[in-house]
Amino acid sequence: MKTKLCLLYGGKSAEHQVSLQTAKAVIQALSLEKFEIHPIYITTDGQWVKGPILTQAVESVQALQFTKGDEIVPNAMMSALTPNENTGYDVVFPLLHGPNGEDGTVQGMLELLNLPYVGNGVLASAAGMDKVIMKNIFAQAGLPQVKYVWSLRSTWKADPHSAYRYVEEELGYPCFVKPANLGSSVGISKCTNREELEAAYKEAFQFDRKIIIEEGIIAREIEIGVLGNDHPECSVAGEILPKTAFYDYKAKYEDGDTALIIPAEISETVYAKMSDIAKMAFKALDCSGLVRADFFVSDEGKVLINEVNTMPGFTPVSMFPLLWKHSGVEYPELIERLIQLALERYEEKQKIKYTF
């Protein structure tokens, strides 16, 4: 019997195209002998479109953007997923990045439908999406990180000069301005003076009502993949060497020429610190399935956690699958392990009693 696997991708997010690339890569890696693949494409305006069961790998993202002629389910997401005798899914794989997909919204719907799904649950997804909440939880857990402040759009509009002055007093320059609820380096700016800070605020507030501003430090950017549920394990570490001022969207998904050094040239002591902190962060957010943990490492060996990504990309140039490949887990096996972890977590939840 093939496993009936439902893939959710696209979505109402600035990371829509990233999700399409991820979906294409995952489909190409899945065995059609093991899996019956049911694609559901979520358009940029939130319409859910069921595509036909895939009988072969797709060669382009355009082939995954279903339109007329396919089964359109307007404003009825649950009916698109609700199992029946013909379309009962064994597991759902949300290949969604950013708001309305990676932030706990879709995960909550899948919980209500009592469907097994790959990746993090509602709490971890929501907390991991909001960089301010995530960093607050890390601080409470005692994890080392750079200094940061945050602001709401309404506060900034009421008194922009005070907002800029607060950043300068608390962090100074350089600093990084980011939307609180977004990924893939969308809307991020590096600032070295007041003029750049003003422009960065305007840019970031296009994507969110809340932004985070982080201290800029001189450090290497090193990442670790985490895999598991209650007992997570870590991959080898990998280092990012962007040719731009920082690892932005263009470097991640368009150029493809950013140097990724895997395994990273770090000492066993530094790796042990990173691995311990990555697992602590995973547990602090109550994660499950997977995360990619991003770190800053100084020349003196000081390790600071930057953030975790609860649904890292699976594109050909993405770090997460490459880290596990160099750890001895090939891409198809990685996908299958994630599916198995989803089923294990689902079975564990079924043991919970909700009545007395």
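Contact here means heavy atoms within 4.5 Å. The model is predicted. By that contact criterion, and leaving aside neighbours within four places in sequence, Gly-313 touches Thr-22, His-97, Ser-318, Phe-320 and Pro-321. Gly-313 sits in the loop between S14 and helix H11 (319-325). Its relative accessible area is 8%, so Gly-313 is buried. One of its partners is remote in sequence: Gly-313 and His-97 are 216 residues apart along the chain, yet 7.9 Å apart in space, C-alpha to C-alpha.

The overall composition of the chain is as follows. Its secondary structure comprises twelve helices and 14 strands. The chain has 356 residues, and 54% of them are buried. Among contacts with a separation of 6 or more, 70% link residues 24 or more positions apart. The exposed area of the chain is about 16300 Å². Carbon and sulfur atoms supply 50% of that area.

Two helix pairs were examined. Two packed helices are described by the angle between their axes and the distance between the axes. For helix H1 (residues 16-29) and helix H12 (residues 331-349), the axes come within 9 Å and cross at roughly 100°. H1 and H12 are therefore roughly perpendicular to each other, because angles of 65 to 115 degrees fall in that class. H1 contributes Ala-25, Val-26 and Ala-29 to the contact. H12 contributes Tyr-331, Pro-332 and Ile-335. By class, the H1 contact with H12 holds six nonpolar residues, no polar and no charged.

The second pair is H4 with helix H5 (residues 131-140). Here the axes come within 5 Å and cross at roughly 105°. H4 and H5 are therefore also roughly perpendicular to each other. On the H4 side the contact is made by Ala-127, Gly-128 and Met-129. On the H5 side it is made by Lys-131, Ile-133, Met-134 and Ile-137. The contact of H4 with H5 divides into five nonpolar residues, one polar and one charged.

H3 has several buried residues: Val-106, Gln-107, Gly-108, Met-109 and Leu-110. Asn-114 follows H3. Asn-114 lies in the loop between helix H3 (105-112) and helix H4 (122-129). Its relative accessibility is 39%, so Asn-114 counts as partly exposed.

Backbone geometry departs from the common pattern at several sites. Most residues other than glycine have a negative phi, and most peptide bonds are trans. Asn-114 is not a glycine, yet its phi is positive, about 55°. Asp-286 is another non-glycine residue with a positive phi, near 55°. Asp-286 is found in the loop between H10 and strand S13 (289-297). At 53% relative accessibility, Asp-286 counts as exposed, because the exposed class begins over 50%.

Two cis peptide bonds were found, both preceding proline. One runs from Tyr-173 to Pro-174, with omega near 0°. Pro-174 lies in the loop between helix H7 (160-170) and strand S7 (175-179). The other runs from Ile-262 to Pro-263, with omega near -5°. Pro-263 is placed in the loop between strand S12 (259-261) and helix H10 (268-284).

Asn-309 belongs to strand S14 (residues 303-309). With a relative accessible area of 14%, Asn-309 is buried, because buried means under 20%. A polar atom of the Asn-309 side chain lies 2.9 Å from the backbone nitrogen of Met-311. Beyond its neighbours within four places in sequence, Asn-309 is in contact with Glu-102, Val-291 and Arg-292.

Thr-55 offers an exposed counterpart, at 69% relative accessibility. Thr-55 lies in the loop between strand S3 (48-50) and strand S4 (71-73). Thr-55 and Leu-32 are separated by 23 residues in sequence. In space, their C-alpha atoms are 7.1 Å apart.

Note on methods:
Residues numbered from 1 in each chain as written. Predicted model: local features only at pLDDT ≥ 70, side-chain atom pairs only at ≥ 80, totals over all residues. Heavy atoms only, no water. Helix = DSSP H or I, 4+ residues; strand = E, 2+ residues; numbered from the N terminus. Buried < 20%, exposed > 50% of the residue type's maximum accessible area, 1.4 Å probe, protein only. Areas by Shrake-Rupley, 256 points an atom, 1.4 Å probe, with all protein chains shown as cover. Polar contact = N/O pair within 3.5 Å; in protein donor to acceptor, adjacent residues only side chain to side chain. Axes fitted to C-alpha atoms, helices over the stretch in contact; angles between N-to-C directions. Parallel < 35°, antiparallel > 145°, perpendicular 65-115°, else oblique. Nonpolar A, V, L, I, M, F, W, Y, C, P; charged D, E, K, R; others polar.
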